[in-house]
Amino acid sequence: MPLPEGDILDEARRQMTVCVVCKYCNGYCDVFRAADARPDLTDGDLFYLANLCHHCRNCWYACQYRPPHPFAVALPAALARVRVLSWQRAVGWPAPLGGPAGLALVATLLVPLLTLLLVPPETLFAAHRESGAFHAVIPRGVMVWGAALALLAPVGLVGLAMTRFWRAIGGGSARQVARALPATLRDILTLRNLSGGGVGCNERDDRFGFARWHAHHLVFWGFLLTVTATLAAAASHHLMGMRAPYPWISAPVVLGTAGGVALLAGVGAMAWIKHRADPAPEAPETRAAEWTLLCVLGASAASGLMLLVLRENAAMGMLLAVHLGTVLAFFVTLPFGKMMHAPFRALALLRAAMDRQETDRAHDP
Ligand code: SF4
Ligand code: SF4
């Protein structure tokens, strides 16, 4: 049963107040130092701190005030709840179909079902080896316009939510943003706050390790490579007149294969780590959205790789439909699920870099 919004914020404020006094975990991540600079701990401050937290769980195992101590500090769980609340408030629109899991399931099934209904079986279940074989099953116009329409509303909602979040955490001038961008990019690309100040995360118990850090990097870079492969495919089509499926040695296939393998390996590792993780520092109500994202990314990578291997086989038509269904599921769940952590965390890291630079300048004018 989810807690009321006011209770989530009040509880996080109470715990963070203990941390501001204690300061024991200040070396683990930016959250504690950022909290020091925000003694009022307003709702906007809590939204910022929650998105700055990378859920490494170090502060849970280090904490002398965790339950059963009467202070009952369980910061990773408290911040996880605030994080989800910050996304929901900024989007201002409840997830249809009962949440990201229901939405993802319906979207994933929709494309294969429509394909079965609309594409004649002699086309759908035939082996296609000619140039433009994918579009013999699903016309290019349907694919391109379907993707554009499916992406438009979710990306618009995410953009609106990011704008609201940025205002809620203090905003900043274009000059401040430009100055802080290199440090922000470094923090994003190195996942600095997921490394516990250099010792790694607590994945399963009180021992430190870098498995989660490596797995997250695989997912991140795998995802970026698959996006780059899609852009390379569009460029191959429009600039070079090539039609999908592309040759084995071509930018879309090489990038897509590397990205798909990395994404699948990263998702598998994340799922394994999550499955074995100590549930004590978790917020159970956030788990469905986390597993939904892993399933959508994993299904998309796996179906994309199978499509690549079996593209000259009679199974190609249905594999293409399933793959497009998983991509649709990713698009439509963007504003309602765990994927919101990416843009919000980037903005929180930008805010943190700006604040660090302001502090440095105040000390060294
Ligand atoms: S999590 Fe516990 S040990 Fe760490 S700063 Fe907060 S109260 Fe102190
Ligand atoms: S990033 Fe890690 S140490 Fe920092 S608040 Fe989150 S769980 Fe605690």
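Is Thr257 buried, partly exposed or exposed, and at what relative accessibility? In this predicted model, the relative accessibility of Thr257 is 27%. The residue therefore counts as partly exposed, since that class lies between the limits of under 20% for buried and over 50% for exposed. Thr257 belongs to helix 12, which covers residues 251–276. Apart from neighbours within four places in sequence, its contacts are with Leu305 and Leu308. His323 lies 66 residues from Thr257 along the chain. The C-alpha atoms of Thr257 and His323 are 14 Å apart.

The overall fold was examined next. The protein contains 15 helices and two strands. Its radius of gyration is 22 Å, and the globule rule gives 21 Å for 365 residues. The two values are close, so the protein is as compact as a globular protein of that length. The C-alpha trace spans about 70 × 45 × 35 Å along the principal axes. Contacts were counted at a separation of 6 or more. Of these, 76% join residues 24 or more positions apart.

Burial and surface composition were then computed. Of the 365 residues, 47% count as buried. The exposed area of the protein is about 17600 Å². Carbon and sulfur atoms supply 69% of that area. Charged side chains number 31 positive and 24 negative. The centres of the positive and negative sets are 4 Å apart.

The domain assignment divides the protein into domain 1 (5–88) and domain 2 (93–357). Domain 1 contributes 27 residues to the contact between them, and domain 2 contributes 41 residues. The C-alpha centres of domain 1 and domain 2 are separated by 28 Å.

Arg175 offers a further local case. This residue is part of helix 10, residues 174–190. Its relative accessibility is 64%. Arg175 therefore counts as exposed, the cut-off being over 50%. Thr228 is 53 residues from Arg175 in sequence. In space, 29 Å separates the C-alpha atoms of Arg175 and Thr228.

Backbone geometry was considered last. Most residues other than glycine have a negative phi, and most peptide bonds are trans. Three sites in the loops are described here against that background. The peptide bond from Pro67 to Pro68 is cis. Its omega is near 15°. Pro68 sits in the loop that links helix 4 (58–62) and helix 5 (75–91).

Arg57 is not a glycine, yet its phi is positive, at about 75°. The residue lies in the loop between helix 3 (43–52) and helix 4. At 1% relative accessibility, Arg57 is under the 20% limit. It therefore counts as buried.

Leu191 also has a positive phi, near 50°, in a residue other than glycine. Leu191 is placed in the loop between helix 10 and strand 1 (201–202). The relative accessible area of Leu191 is 7%. Leu191 is therefore buried, because the limit for that class is under 20%.

Key. Residues numbered from 1 in each chain as written. Chains lettered and ligands numbered in written order. Predicted model: local features only at pLDDT ≥ 70, side-chain atom pairs only at ≥ 80, totals over all residues. Heavy atoms only, no water. Helix = DSSP H or I, 4+ residues; strand = E, 2+ residues; numbered from the N terminus. Rg over C-alpha atoms; globule rule 2.2 N^0.38 Å. Buried < 20%, exposed > 50% of the residue type's maximum accessible area, 1.4 Å probe, protein only. Contact = heavy atoms within 4.5 Å. Areas by Shrake-Rupley, 256 points an atom, 1.4 Å probe, with all protein chains shown as cover. Lys, Arg positive; Asp, Glu negative; His and termini not counted. Charge placed at Lys NZ, Arg CZ, Asp CG, Glu CD. Domains from an automatic or database assignment.
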